[in-house]
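Trainee: I'm new to this one. Can you walk me through it?
Mentor: Sure. Let's put it on screen and go topic by topic.

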Amino acid sequence: MTINFPTIENRPGPKYLAIAEAIEQGVKSGSIPEGSKLPPQRDLADFLGITLSTVTRGYALAKQHGYVSGEVGRGSFVRDPRKSSSAFKFEGSHAPDKRSDMDLTCYRPAPSEQLAAVARACSALPARLSPRMASLRYPPPAGLSSHRALGRDWLAKAGIETNADNVVVCGGAQQGISALLLALAAPGEVVLTESLTYSGLREVAGLLRLRLEGIAMDDSGMVPDSLAQAAASGARIVFVQPTLHNPTTTVMPLERRKEIVDVARRFDLTLIEDDVCGALVTDRPPPLAALAPERTCHVTSLSKCLSPPLRVAFLSVPPELVERVSAAHRTLTLSAPPIMAEIASLLIESGDADKLIEAQRVETARRHEIARAILEGHSFQAHPCGFHLWLPLPAHWRAVDFASAARVLGVKVISADNFFVGRGHSPHAVRVAVTSTATHESLHRGLQILRDLLSSGNHLLGTEI
């Protein structure tokens, strides 16, 4: 019997982890009987609209936890490790408590006054809808002119001077990145990016049949010489995160940004600049779009700095690309929801947007203070305005094993291989979100478990991972 796979749409975190969790929870709840055959990996990938490698990793993680067994030539089957002597055993105070499950995977703003601010904007919405959207027709693919002007003004805060006609309004940064890649890249084409990059880029590239090539990084971000070497092979497009890089938290200094722009001009590269968290950094260098507006497509979002449900992003693109990007955006989703963009307008005009950003800075800094105190003595990378920290692991830990062990102990983090692009092995490191828990107390507990796991290794579990 092959099961109908459970939905993973509303599960937070990376898709491969959602697949493994769906299998585990299905077994525990009894909705997936032991011995059931899982769908073939390629079929499930097509059904879910994700890459084959993501499904493979999800099945492998479920197998590692004892919920899947593989038989060559027959497929993957569900098993219940609770009925086996090889099930995980917990020792001492590290036994997981289901009431205190700590998800440190989510890349999102810390809890703040978001709800109250959005509620105020929604209460003022009816008076705005009548004059601005009286026709109730579909808006243009690039957005209503008033919302494109709003994007222009928001981009100006970052030092990007552009015309409203060069702005495309999207329903979130992921949608904007998808539209840009659909417009600019042909199937099978290489897109250059940092060797560690935003995991959502990997998903989009898989759907569009694009090939990602990782560029070496150092403490300042993407290495210009490595970019030049890769560009010499004929690549045309570069995806780069200069500010609060996800996952390493790096903020690229101005001199390095100028060097990246020089390489882009030398090889006629188009830059896609992911700047979804840039508004949180008060002293950041100018964006690439300010240094090289003629070849940079800039992506910024309100979801990260204001509120996750506020799915509004602004693309700033060179004039000659506006029509292509707008057409690609129309293909994907017709247009961004104008009512959502109107709520964003009200937040910005009222001054609540600036207050929310400042509240995020203050709360995020407090959480980093907690992390520094608990992880004292362990090396990690972080920025006081960033939502996460990048935690290199001791030699006795592989990233996937550490993430799996932490999960067994009730703490979820993301392994470096979720971000890795290129050949060879991903770094032995994990990304730890400091802003995803509801309280400081739950963050404190989660970080303490990670600290103890760093020091003691996988013998904490009473069995080898």
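Trainee: How many helices and strands are there in the protein?
Mentor: The protein has 16 helices and 17 strands. Those are DSSP runs, numbered from the N terminus: helices are H or I with at least four residues, strands are E with at least two.

Trainee: Anything I should know before I go on?
Mentor: This is a predicted model, where local features need pLDDT of at least 70, side-chain atom pairs count only at pLDDT 80 or more, and totals for chains, interfaces and linings use all residues. Residues are numbered from 1 along each chain as its sequence is written, and side-chain values use heavy atoms, with hydrogens and water left out.

Trainee: What radius of gyration does the protein have?
Mentor: The radius of gyration is 23 Å, which agrees with the value near 23 Å for a compact globule of 465 residues. The radius is taken over C-alpha atoms, and the globule rule is 2.2 Å times the number of residues to the power 0.38. Along the principal axes, the C-alpha atoms fill a box of roughly 65 × 50 × 50 Å.

Trainee: And what share of the residues is buried?
Mentor: Of the 465 residues, 55% are buried. Buried means under 20% relative accessible area, exposed over 50%, and partly exposed in between, using a 1.4 Å probe and protein chains only.

Trainee: Let's go inside. How many cavities of 30 Å³ or more does the structure hold?
Mentor: It holds 4. On a 1 Å grid over the protein atoms alone, a cavity is a set of points where a 1.4 Å probe fits but cannot get out, and lining residues have an atom within 4 Å of a point. Grid points are joined across faces, edges and corners, and a volume is the space filled by probe spheres set on the points.

Trainee: How much space lies in the largest cavity?
Mentor: About 80 Å³. Its lining includes Tyr-16, Leu-61, Ser-404 and Arg-407.

Trainee: Which element gives the most to that lining?
Mentor: Helix α15 does, with 4 residues. The elements that each supply at least two are α1 (15-29), α15 (399-408) and β15 (411-412).

Trainee: How do the lining residues divide by class?
Mentor: For the largest cavity, 7 are nonpolar, 1 is polar and 2 are charged. Here Ala, Val, Leu, Ile, Met, Phe, Trp, Tyr, Cys and Pro count as nonpolar, Asp, Glu, Lys and Arg as charged, and the others, Gly among them, as polar.

Trainee: What about the second largest cavity?
Mentor: About 40 Å³ of space lies there. The lining has 6 nonpolar, 4 polar and no charged residues. Among them are Thr-249, Cys-277, Cys-385 and His-388.

Trainee: Where is Thr-249 found?
Mentor: Thr-249 is in the loop between β9 and α10. Thr-249 is buried, at 6% relative accessible area. Its phi is near 75 degrees, a positive value in a residue other than glycine. Pro-247 lies in that loop between β9 (237-240) and α10 (254-266) too, and the peptide bond from Asn-246 to Pro-247 is cis, with omega near 25 degrees.

Trainee: Back to Cys-385. Why is there no bond to the closest cysteine sulfur?
Mentor: That sulfur, in Cys-277, is 9.9 Å away, too far for a bond. A disulfide is a pair of cysteine sulfur atoms within 2.5 Å. By this rule the count is 0. Cys-385 is buried, at 12% relative accessibility.

Trainee: And His-388? What is its bridge partner in β17?
Mentor: Ala-433. Strands β14 (residues 388-392) and β17 (residues 429-433) run antiparallel and are joined by 5 bridges. Two strands pair if DSSP finds at least two bridges between them.

Trainee: What order do the strands of that open sheet have?
Mentor: The 4 strands run β13-β14-β17-β16, with antiparallel pairing. β13 (381-382) and β16 (414-415) are at the edges with a single partner strand each, so one side of each has no neighbour in the sheet.

Trainee: Last one. Is Arg-42 buried or exposed?
Mentor: Arg-42 is exposed, at 54% relative accessibility. Arg-42 sits in helix α2 (residues 41-48).

Technical notes
1 Å grid on protein atoms, 1.4 Å probe; cavity = no way out; pocket = protein on both sides within 12 Å on 5 of 7 lines; lining within 4 Å.
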